[in-house]
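Me: I am new to this structure and would like a close look at a single part of it, the pockets and what forms their walls. Could you walk me through that part?

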Amino acid sequence: MNATQTRWRWLLWVAVALLLLAAPFLIEATLGRAWVRIADVALLFIMLALGLNIVVGFAGLLDLGYIAFFAVGAYCYALLASPQLAIHWPFLVLLPLGAMVAAVFGILLGAPTLRLRGDYLAIVTLGFGEIIRVLLNNLNRPVNITNGPQGITLIDPLQIGGFSLAQTHSFAGLTFTALHSYYFVFLACAVVSIIISRRLEDSRIGRAWVAIREDELAAASMGINTRNMKLLAFAMGATFGGVAGGLFASFQGFISPESFHLIDSIMVLCMVVLGGMGNVAGVVLGAVLLTALPEALRYIGPLQQRWFGEVFIDPSDLRMLLFGLALVLMMLFRPSGIWPARRRTAENVTERMTEKRHASG
C-alpha cells in the first residue's frame, strides 16, 4: 500500500468517526428522537452479536441460549445498583463484575457440552437460556432476590461523581440528553468490542477456533487443546453479553425476565448469520439492519391508512412476514451472509466448483 492509499484510508476513517459522533444529532434532526433510542439499542445489539460471533462464527458452536448471559449481566448490575438489595455500587465496578459473572456462567454452560455438536449442542444451550429466565422469574420466594415477574425498578444510571448520564447537559452550545449521552458510551463500548473481536480473529486463539470449527478432530491431532479453546470461546462470548446487559439495565432503569426470551437469542443469531458469520464487519452490519428495519416497517400502517383509508395488513404481521422471507432468500442466494468472511467466500466457491464437476462428470 503506497502513501496515497494510506492517506485516503486515514481520511476515510476520520470521516466515518466524525459521522458517528454527529449521528445522534443528525438522526434526531431528520427522523426524530425515537430513532436516537433505536440507535442506542442497535449499538447494544452490535456488542451482543459480536459476542455470539465468537462462539458461532469463530468456534462453530451453535448457541441458542446466548441471551442468558445478557440477562446475567443485566441482573448483576440491577441488583447491585438499585433499592432491591439497598446496594448502590458504582458502574465502574459493576460492569467488570457483570462481565466476570457472565464469563463464569459461560464456562458452566460450556463444560457439560464439550462432547456435543450441532443439534444436540443447540438444544442444550436453548435449555440453559430458558433455565436462567425461569430462575430469575422465580427467585422472589422464599427470599425475594430478583422480585420475580415484577422485575427491578429504579436502577441507577451510569454516573461518575455528580455527573449522571440520565440528566441533560450542555456543552459547546449543544444539548446532550440522556439518549445522546448513552449513545456515546455505547459507541465507545461497541468500538472496543470491534477492536477486541478483530484482534481475536487475527490471533493464535482465533486461528485455533477456526481450526476447531472446520474439523475438531484434525485440530486436536495438531496439538490444539480443544477443551480449553471451547471453554474460552464460551467465556469470551459471555463476557460481551455481560457488559451489554449491564449497560442495558442502566439505560432502561427497569428489567424483568420478560426482557430475555428465546426470541431474543434467535434474533441475535440471525444478526450473525445474515450479516456474515465470522466476519466482524458483516456482523455489525447485520446487527444494525435487523435493529433498524423492523422499526422502519412500523410506518407501513400509517402509509396504508393515508393511501387506502384503512389498514389492510397489520405492521407487526408484515414485519415478521418480511423477516421470514428475508431469511429464506438469504439462505437460498447468499448462505454466507450479506458480508461474508473471505474464508467462507472461498469455501463456497470451492464447493460450487466441486458440485459442478460432479454434476458434469
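Reply: Of the elements that line the largest pocket in this predicted model, α1 gives the largest share, with nine residues. It has company: α1, α2, α6, α7, α11 and α14 (342-360) each supply at least two residues of this lining. In total 45 residues line the largest pocket, and those nearest its centre are I194, V280, A281, V284 and W339. By class, the lining holds 33 nonpolar, three polar and nine charged residues. The volume of the largest pocket is about 1800 Å³.

Let's follow one of those contributors, helix α6, which covers residues 178-201. How far apart are the end C-alpha atoms of α6? They are 34 Å apart, which agrees with the 34 Å that its 24 residues should span at 1.5 Å a residue. Several residues of α6 are buried, among them Y182, Y183, F186, L187 and A190. H180, S181, S193 and S197 also belong to the buried residues of α6. What do these buried residues pack against? Their partners are the helices α1 (3-30), α2 (33-58), α7 (204-214), α9 (226-252) and α11 (280-296), together with the strand β6 (174-176).

Now to the second largest pocket, whose volume is about 940 Å³. Its lining has 35 residues, and F45, M267, L290, T291 and P294 are the closest to its centre. Two or more lining residues come from each of α2, α3, α9, α10, α11 and α13. Sorted by class, this lining has 24 nonpolar, five polar and six charged residues.

Helix α10, residues 262-275, is a good place to finish. Its 14 residues should span 20 Å at 1.5 Å a residue, and its end C-alpha atoms are indeed 20 Å apart. M267, which is among the residues closest to the centre of the second largest pocket, is also one of the buried residues of α10. The other buried residues of α10 are S265, V268, L269, C270, M271, V272, L274 and G275. What covers them? The cover includes α2, α3 (67-79), α11 and α13 (315-333). Those four helices also appear among the elements that give two or more residues to the lining of the second largest pocket. Just after α10 comes G276, which takes a positive phi of about 140°.

Terms used:
Residues are numbered from 1 along each chain as its sequence is written. This is a predicted model: local features need pLDDT of at least 70, side-chain atom pairs count only at pLDDT 80 or more; totals for chains, interfaces and linings use all residues. Side-chain values use heavy atoms; hydrogens and water are left out. The expected span of a helix is 1.5 Å times one less than its number of residues. Buried means under 20% relative accessible area, exposed over 50%, partly exposed in between (1.4 Å probe, protein chains only). Contact means heavy atoms within 4.5 Å. On a 1 Å grid over the protein atoms alone, a cavity is a set of points where a 1.4 Å probe fits but cannot get out, and a pocket is an open set with protein on both sides within 12 Å along at least five of seven lines; lining residues have an atom within 4 Å of a point. Grid points are joined across faces, edges and corners, and a volume is the space filled by probe spheres set on the points. Ala, Val, Leu, Ile, Met, Phe, Trp, Tyr, Cys and Pro count as nonpolar, Asp, Glu, Lys and Arg as charged, and the others, Gly among them, as polar.
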